[in-house]
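Let's take a walk through this structure together, one piece at a time. Keep the viewer open and turn the model as you read.

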Amino acid sequence: MGIFSNKQETSTDISGIKLPEHIGIIMDGNGRWAKKRGLPRTAGHKAGAETFRRISRYCSDIGIKYLTLYAFSTENWSRPVEEVNTLMRYFKDYLEEALRDFADDTISIRFLGDISRFSPELQELMIKNETLSKAHDGMVLNLAMNYGGRDELVHAVREISAKVKSGELSCSDISEQLISEHLYTKGQPDPDLIIRPSGEHRTSNFLLWQSAYSEYYIDDVLWPDYTAEHLNKALLEYSKRNRRFGGV
């Protein structure tokens, strides 16, 4: 089966509920999942990669329009070299599979973050995936790779500053909307719901600007064990919340 072809059955009924337009997921817990089983951390990342495939497809199947997955942060480079190299191999495998499967799929893939630090081979695969899937009209799958919320804001400030210096913009032009237009997610709605498996209560530098009014849902399950059923429970909880955006 292709990377986006597995059908998932659940018992939690989400029919008729209002779905979020944009979901962000902090994929967390691979290392702890492996440690609990006496396995190397790399085994956790392999299992997490399979969960990533399943959840991405499920979100597309149920009609989510934007899905942003935190795949590799700017801080993750400090992990042991063997672990980082293993992650790079999994990224490469996924991107090669995606190239084969995107021809018959509607998902459009985008990368959030500074991809220049990745190997030329990975950068080429990223660009090919974005280019070949650009015209697809289904779910937009954002992969945050070498991404950090603070780094993203620095990147936006530098771009805006350069335009002010060149005379293209004036200081009075700077607004919240202008900043949003210089983020990696430009043109996309802010996330309605951010899910963090693994039970940790941190944003971990993920979509800092965009998540100002996002609803958060924390789940104790570790990412490799995360299922469509867990996602459905998060969606049901989200549907019950009253989003006031600072109003009454």
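The tour below starts with the sheet, moves on to the helices, and ends with a loop and the cysteines. Please keep in mind that this is a predicted model.

A good place to begin is the sheet. Six strands form an open sheet with parallel pairing, and their order across it is E3-E4-E2-E1-E5-E6. At its edges sit E3 and E6, each of which pairs on one side only. If you look at how neighbouring strands of this sheet are set against each other, the average turn is 20 degrees, direction ignored.

Now follow the pairing strand by strand. Strand E3, residues 108-112, pairs with E4 in the parallel sense over five bridges. To find the register here, look for serine 108, which stands opposite valine 140 in E4. On to the next pair: E4 and strand E2 (residues 66-73) run parallel and are joined by seven bridges. Two residue pairs help you line these strands up. Tyrosine 66 stands opposite valine 140 in E4, and tyrosine 70 stands opposite alanine 144 in E4. Valine 140 is therefore a handy landmark, because it has serine 108 opposite it as well as tyrosine 66, while its strand E4 is mostly covered. Moving one strand further, E2 pairs with E1 in the parallel sense over five bridges, and glycine 24 stands opposite threonine 68 in E2.

How enclosed are these strands? Strand E4, residues 140-147, has eight of its eight residues buried. In E2, seven of the eight residues are buried, so this strand is largely enclosed by the rest of the structure.

Next come the helices. Helix H2, residues 41-62, lies across strand E1 (22-26), E2 and E4, and runs at about 160 degrees to E2. Helix H3, residues 81-101, lies across E2, E3 and E4, and runs at about 150 degrees to E2. A residue to pick out in helix H3 is asparagine 85. With a relative accessibility of 38%, asparagine 85 counts as partly exposed. Try finding threonine 42 as well: the C-alpha atoms of asparagine 85 and threonine 42 are separated by 9.7 Å, although the two residues are 43 residues apart along the chain.

Helix H4 brings us to the way the chain connects its strands. Together, E3, helix H4 (residues 120-133) and E4 make a β-α-β unit, and this unit is left-handed.

Let's turn to the loop between strand E5 (193-196) and strand E6 (215-218), where asparagine 205 lies. Is asparagine 205 buried or exposed? Its relative accessible area is 14%, so it falls under the 20% limit and is buried. Which residues does asparagine 205 touch, leaving aside those up to four places away in sequence? They are Tyr70, Thr74, Glu75, Tyr147, Gly148, Gly149 and Arg150. With one of these partners there is a polar contact: the side chains of asparagine 205 and glutamate 75 are joined at 3.3 Å. You have already met Tyr70, the residue that stands opposite alanine 144 in E4.

Two further residues in this loop deserve a look at their backbone. As background, most residues other than glycine have a negative phi. Serine 204, found in the loop between E5 and E6, has a positive phi of about 50 degrees although it is not a glycine. Leucine 207, also placed in the loop between E5 and E6, likewise has a positive phi of about 50 degrees without being a glycine. Their surroundings can be read from accessibility: serine 204 counts as partly exposed at 27%, whereas leucine 207 is buried, with a relative accessible area of 1%.

Finally, a word on the cysteines. A disulfide is a covalent bond between the sulfur atoms of two cysteines. How many disulfides does the structure hold? The count is zero. Cysteine 59 is buried, with a relative accessible area of 0%, whereas cysteine 171 is exposed, with a relative accessible area of 60%.

How values were computed. Residues numbered from 1 in each chain as written. Predicted model: local features only at pLDDT ≥ 70, side-chain atom pairs only at ≥ 80, totals over all residues. Heavy atoms only, no water. Helix = DSSP H or I, 4+ residues; strand = E, 2+ residues; numbered from the N terminus. Buried < 20%, exposed > 50% of the residue type's maximum accessible area, 1.4 Å probe, protein only. Polar contact = N/O pair within 3.5 Å; in protein donor to acceptor, adjacent residues only side chain to side chain. Contact = heavy atoms within 4.5 Å. Disulfide = S-S within 2.5 Å. Pairing = 2+ DSSP bridges. Right-handed = clockwise from strand over helix to strand, strands pointing away. Axes fitted to C-alpha atoms, helices over the stretch in contact; angles between N-to-C directions.
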